[in-house]
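User: Could you take a close look at one part of this model for me, the surroundings of the ligands? I would enjoy one connected walk through it.

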Amino acid sequence: MKLNQTVLGFIISKILKKTRQNDEDQKARVEKENGKKRGGQALSRRFAFLACALFVVQGFVAILGATSLVVPDLPSPVPYEYGRSVHLGLATCWPLIGAMGMVYFFTVDELKADLYSLKIVRWQFWIVVLSTAGLLGTLTFRIGNGREFLDGLPMFYAGISLAILLCAYNLIQTLKKSKQHITPASAIMTGGMVFLGLLLIPNVLNYTNPIVDEAVKYWVVHLWEEMAFELITSGFIASFFIASGLVEKKDMEKWLYLEASLAVSGGLFGTGHHYYWIGYPAIWLIIGVVFSLIQMIPVILLAHLTYKGLKRHRPLKRVEKLTLWMILSSLLYHLTGASMLGMLMTIPWVNLYTHGTYITSGHAHLALFGVMGFLVLAGSHAILSRGTVLSRKSYIWAVAGVLFLNLGVITMSSSLLVAGFLQSYLWRYLGMDFTQVQGLISPYLLARVAGGSFYTVGSILFGWRIVNVWWLTREDGKISEEVSKRI
Ligand code: HEM
Ligand code: HEM
Ligand SMILES: [Fe+2]
């Protein structure tokens with residue numbers, strides 16, 4: 001066993017060494033000016049790395065699930081329903097862990113000062129790691145509570161909530177410590193983290209009333225994504241756009257204020273589009289539509305600002321260009337799969353037919369991975385690659401990874417949308433038998449597996465880039481932490 005591990009370690013280090021030698025200037029230039037990266041930023045590297053690792057795992061779990069929908073007797077150690085729960089648990093946890101790293105890293109950047117407590121960062125990291133491992137591990141062994149989206153024992157959600165609250169507390173204290181230097185991006189990201197905690201806590205409790213249970217679930221499914229995460233990722237986008245000179249600081253900050261107010265108001269009341277059929281009063285049909293429309297405004301403005309910035313054509317470094325490719329991918333799905341398709345599904349007369357069909361699943365993948373996932377990957381990569389130079393060859397491989405991810409998401413979601421359209425029309429509108437329709441849509445579910453495979457290829461290429469850059473900069477991370485401890 002020990003010998004195997006040594007041999008494996010030797011092979012991995014040889015491969016990594018070879019890749020490193022292939023780099024343009026033989027090895028990536030790591031900035032060792034200790035002042036540039038602070039302890040909080042060094043610690044945020046572990047969040048970034050873990051988020052990317054879980055993201056790669058998710059691809060493999062998902063392919064298995066997607067295949068078993070087409071080949072029902074596929075031998076699998078985990079039954080489909082628990083596999084689905086593991087998939088959804090991963091969809092909740094890796095973006096969260098990545099977002100924690102992003103908020104820490106870019107808050108330090110914005111304030112030009114370190115975090116209030118590095119000890120809290122370490123503690124909350126291990127709390128979120130153990131809770132995630134417990135949640136995913138028990139679900140794999142078929143231990144859960146059957147709740148859709150948030151399946152699993154409440155104690156693990158309590159652990160995740162505690163980790164978020166500790167993170168939020170640390171951020172609030174950090175802002176208080178550097179009161180004079182607070183920027184809109186740092187305040188908005190902290191606000192996002194506070195909301196993540198507040199919205200998850202009610203989900204730790206048990207409710208006997210199914211209407212309350214459903215509503216509270218959507219505080220995570222909808223409000224995490226369309227309000228709290230949106231605040232965090234918009235802070236990251238603003239920080240990146242200003243630092244890379246793509247957009248003027250004053251334009252970006254104006255957008256941030258608008259984004260924050262519309263994300264909160266639109267997001268909060270836009271939850272109405274999930275309250276249509278769960279026993280809420282009919283007024284939510286109107287509130288849902290009106291506020292979902294509001295939710296679309298900030299992303300349209302962001303697309304406009306980005307377009308203007310790109311037209312000015314400032315040359316960017318390769319590392320920055322890679323981040324930009326991912327932000328642009330996210331923007332594409334935010335405009336189409338999340339906003340336009342979301343708005344169409346929000347119209348109650350349309351939702352009556354599309355609710356619970358593969359159209360919802362198509363939208364969920366376009367929005368959760370297309371919009372949020374790409375941004376968390378962009379942020380995680382930006383964290384790990386700070387201070388490095390990306391060689392042409394590594395850049396091409398990394399862009400190929402991003403392209404495969406895009407190809408995967410587009411193939412996967414468009415097949416789901418066709419399958420969902422057929423379900424809505426044949427099953428819901430014409431009243432055909434459910435199983436008969438299921439037979440008719442299976443070619444599209446097979447095409448989704450193909451899309452998932454492209455996606456997984458992309459995730460492996462991107463994952464490789466992450467391992468590589470993490471390895472190259474690992475000493476730099478340690479140095480920054482040491483220096484920060486001494487200060
Ligand atoms: C990045 C932003 C977004 C994310 C991450 C997201 C995510 C999701 C997810 C995961 C679901 C599935 C919920 C379920 O199956 O019950 C969903 C459903 C839905 N989303 Fe979004 N969404 C986003 C943006 C939007 C926007 C902007 C709109 C409207 C303009 C919208 C409208 C809807 C509607 C109407 C449903 C409900 C479908 C149903 O239950 O019939 N979404 N969304
Ligand atoms: C290889 C890529 C992926 C494949 C093959 C895949 C496959 C699946 C499958 C089979 C389901 C069960 C329900 C259904 O049939 O649609 C599902 C649901 C879901 N997946 Fe994925 N998935 C992938 C990637 C992702 C990623 C990266 C995320 C988000 C980070 C994600 C988020 C979700 C969500 C939110 C649902 C629930 C949708 C709903 O019920 O409305 N998936 N996925
Ligand atoms: Fe929503």
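**Around the two ligands**

Analyst: Happy to! Let's begin with ligand 2 in this predicted model: 21 residues surround ligand 2, and the closest are A62, S361, A364, F369 and G452. Which elements build that shell? At least two residues each come from α2 (39-70), α3 (80-111), α14 and α16 (434-486). In terms of chemistry, the shell around ligand 2 holds ten nonpolar residues, ten polar ones and one charged residue.

Now for ligand 1. Its shell has 24 residues, and E225, G342, H355, A364 and A367 are the closest. Two or more residues of this shell come from each of α8 (223-243), α10 (283-295), α12 (318-346), α13 (348-354) and α14 (358-385). Among these, α14 gives the most to the shell around ligand 1, with seven residues. By class, you will find ten nonpolar, twelve polar and two charged residues around ligand 1.

It helps to read the two shells together. A364 is listed among the closest residues to ligand 1, and A364 is also listed among the closest to ligand 2. Likewise, α14 supplies residues to the shell around ligand 1 and to the shell around ligand 2.

One more spot may interest you: E253, which lies in helix α9 (residues 249-270). Is E253 buried or exposed? E253 counts as partly exposed because 16 other C-beta atoms lie within 10 Å, whereas 20 or more would make a residue buried and 12 or fewer exposed. The C-alpha atoms of E253 and T183 are separated by 8.9 Å, with the two residues 70 apart along the chain.

Notes: Residues are numbered from 1 along each chain as its sequence is written. Chains are lettered from A and ligands numbered from 1 in the order in which they are written. This is a predicted model: local features need pLDDT of at least 70, side-chain atom pairs count only at pLDDT 80 or more; totals for chains, interfaces and linings use all residues. A residue is near a molecule or strand if its C-beta atom, placed from the backbone, lies within 6 Å of it. Helices (H or I, at least four residues) and strands (E, at least two) are DSSP runs, numbered from the N terminus. Ala, Val, Leu, Ile, Met, Phe, Trp, Tyr, Cys and Pro count as nonpolar, Asp, Glu, Lys and Arg as charged, and the others, Gly among them, as polar.
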